[in-house]
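User: I would like a close look at a single part of this structure. Please pick one, go through it step by step, and then set it in its surroundings.

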2 protein chains.
Amino acid sequence: MGLDALAVVGLGAIGGSVAWQARAAGVARVVGFSPDPEEAAAAARAGAITEIADSPAAAVRGARLAILATPPPVALQLIGRLAPHLEADTILTDVASVKVPVIQQAIAAGLETRFAGAHPLAGTHGSGFAFARPDMLSGCVVYVCATGRAGDRAAGIVREFWDDTMNASSVLIDAAAHDRQLAWTSHLPQAMAYALANTLGGLGLETRAFGPGARDTMRLAASNPDLWLEIFLQNREAVLGALDGAGASLARLRALVANGNESELRAYLEQAAEFRSSLDR
Amino acid sequence: MGLDALAVVGLGAIGGSVAWQARAAGVARVVGFSPDPEEAAAAARAGAITEIADSPAAAVRGARLAILATPPPVALQLIGRLAPHLEADTILTDVASVKVPVIQQAIAAGLETRFAGAHPLAGTHGSGFAFARPDMLSGCVVYVCATGRAGDRAAGIVREFWDDTMNASSVLIDAAAHDRQLAWTSHLPQAMAYALANTLGGLGLETRAFGPGARDTMRLAASNPDLWLEIFLQNREAVLGALDGAGASLARLRALVANGNESELRAYLEQAAEFRSSLDR
């Protein structure tokens, strides 16, 4: 069973990539909405969508699956606004990095059986359709969160979309467990990049003073600040725990450098090297 | 005036790339030494060197320019060991990340007029000739440190090599100023990557839980631990200052998330995004 009609609300880097890849996978009808008419036009020109809708409600009409790929606060609003108009056989999903608020909103909107949250572990620090790619999501891990037991069928349909149409690897996970884990694996690297960028940005050095290592370590800091403001605040408690963990690790490294204990410092560096290298094996 | 005979001692990622690019730029004779015969053979097979030497002393014989591209402690030893045998018209240089100890050693070895330190702002987290590339150094910034005023001519020759033969951009800088600056721009990003890797490595999560953002932010942690042990300890005081700067920035971010002050948090994130984005403009 293939998907024949997809709606994508938000045609930025993620939404644009989802739409584009769905078209490439043969989905006949991909309707897109963007609050920016130029972005929608760019998506249509690229062949990422087959139709431009003039509102989110118009986009989801007739869709088997409707994906909200907007900033998190907009997605929360749209779940409530679209719920009364959703056709009986339309499944709604999203792509936000924090899942508990989304799942709570879907339940509050009466969409237990018609909604599942999703979070593809992919993306870019860039924003907008200009950063969309027709293969960005291929092969990535996608966390899928059901709205409790009543949402099993919807979660299955959303997983099928990611696994079959997007060629990704879906993983079913409880929303609270997802948010706790992502505070460490995603929100913390983002925070470290911000802290480093604000440390180095204050030095007043020329651009050429920063080599590829510094640039890569700070890459995430170029992301959309509004998006990350929401993520940090929505997942505040877990993010604070992760920040404390990293702060303790940095303090430990500082102590090892300060006291010049070569064997312990070497062990610290080797442990980090072993872990990071293991991710490439 | 072109360079006709180059010696490269150490054929790892940096030394191998320097040799390879020199050959590509038409240097007739590039003699290489590696303590690992297989690495030297690989460099010869790739066409990165024209001759394999069986010792550092043999490598530098007859060279107009001899480059030490070994781990920092080995480079310090070699400056002392090679000095008595250096032919009158051979200039010696290196590629280490910390320059004060190297310059001090060159002066102690009586090489004021024959040595200049260099530090190309390029490289990889990988080690060994397998990570060398014939274009790795093209376009990069290379800091060059003279051994005081007596070393101006040697520094000029080393700059000419990087600018003309390597197609890089040399910048003359005082060794102490270099080490203070690099503590922030290079050694600190490295430290942040280590701290993050040791924080995340302890979670016991599967490899697939880490997306491209986390991987990039930790990329530097895969570097050679022995190399970085030396760098942190050689540049200890400056590195501690940089670690304190980053620790304060991370603590500030934590406080902004904890108290939920949206406008100050947004300003912090926007400042970081503006700085990191400015590096790509």
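Analyst: What follows starts with one strand, then moves to its sheet, a helix and the two chains.

Keep in mind throughout that this model is predicted. The part I pick is strand 6 of chain A, which covers residues 115-120.

Start with burial. Is strand 6 of chain A enclosed or open? Count its residues: six of the six are buried. A residue counts as buried when 20 or more other C-beta atoms lie within 10 Å of its own. Strand 6 of chain A is therefore largely enclosed by the rest of the structure.

Now look at its two faces. F115(A), G117(A) and H119(A) point one way. A116(A), A118(A) and P120(A) point the other way. Both sets are buried.

Next come the neighbours. Strand 6 of chain A pairs with strand 5 of chain A, residues 91-94. The sense is parallel, and there are two bridges. Find L92(A) to see one contact point: its bridge partner in strand 6 is F115(A). How does the chain get from strand 5 to strand 6? Helix 5 of chain A, residues 100-108, belongs with these two strands in a β-α-β unit. That unit is right-handed.

Then turn to strand 7 of chain A, residues 141-146. Here strand 6 of chain A pairs in the antiparallel sense, over five bridges. H119(A) is a good residue to find, as it stands opposite Y143(A) of strand 7.

Chain B lets us see the strand's place in a whole sheet. Eight strands of chain B form an open sheet in the order 3-2-1-4-5-6-7-8, with mixed pairing. Strand 3 (51-52) and strand 8 (169-172) of chain B stand at the edges. Each has a single partner strand, so one side of each is left without a neighbour in the sheet. Further in, strand 5 and strand 6 of chain B pair in the parallel sense over two bridges. T93(B) has A116(B) as its bridge partner in strand 6 of chain B.

Strand 6 of chain B also helps to cover a helix. Helix 1 of chain B, residues 13-24, has twelve residues. Eleven of them are buried, so to speak mostly covered. Among the buried ones are I14(B), V18(B) and W20(B). The cover includes strand 1, strand 2, helix 2, strand 4, strand 6 and helix 6 of chain B. At 1.5 Å a residue, this helix should span 16 Å, and its end C-alpha atoms are 16 Å apart, which agrees. After helix 1 of chain B comes G26(B), with a positive phi near 100°.

Finally, step back to both chains. In all, 74 residues of chain A are in contact with 74 residues of chain B. Helices 7, 8, 9, 10 and 11 of chain A each supply at least two residues to the side that touches chain B. Helix 7 of chain A gives the most, with 18 residues. By class, that side has 45 nonpolar, 19 polar and ten charged residues.

How do the two chains relate? A turn of 180° and a shift of 0.0 Å along the axis lay chain A on chain B, with an RMSD of 0.0 Å. That is the relation of a two-fold axis. The same surface serves both copies, as 100% of the contact residues of chain A recur in chain B. In chain A, T217(A) comes closest to the rotation axis, with its C-alpha at 2.1 Å.

Definitions and conventions:
Residues are numbered from 1 along each chain as its sequence is written. Chains are lettered from A and ligands numbered from 1 in the order in which they are written. This is a predicted model: local features need pLDDT of at least 70, side-chain atom pairs count only at pLDDT 80 or more; totals for chains, interfaces and linings use all residues. A residue is buried if 20 or more other C-beta atoms lie within 10 Å of its own, exposed if 12 or fewer, and partly exposed in between; C-beta atoms are placed from the backbone. Helices (H or I, at least four residues) and strands (E, at least two) are DSSP runs, numbered from the N terminus. Two strands pair if DSSP finds at least two bridges between them. A crossover is right-handed if, with the strands pointing away from the viewer, the path from the first strand over the helix to the second runs clockwise. The expected span of a helix is 1.5 Å times one less than its number of residues. Two residues are in contact if their C-beta atoms, placed from the backbone, lie within 7 Å. Ala, Val, Leu, Ile, Met, Phe, Trp, Tyr, Cys and Pro count as nonpolar, Asp, Glu, Lys and Arg as charged, and the others, Gly among them, as polar. Copies are superposed by least squares on the C-alpha atoms of residues with pLDDT of at least 70 in both.
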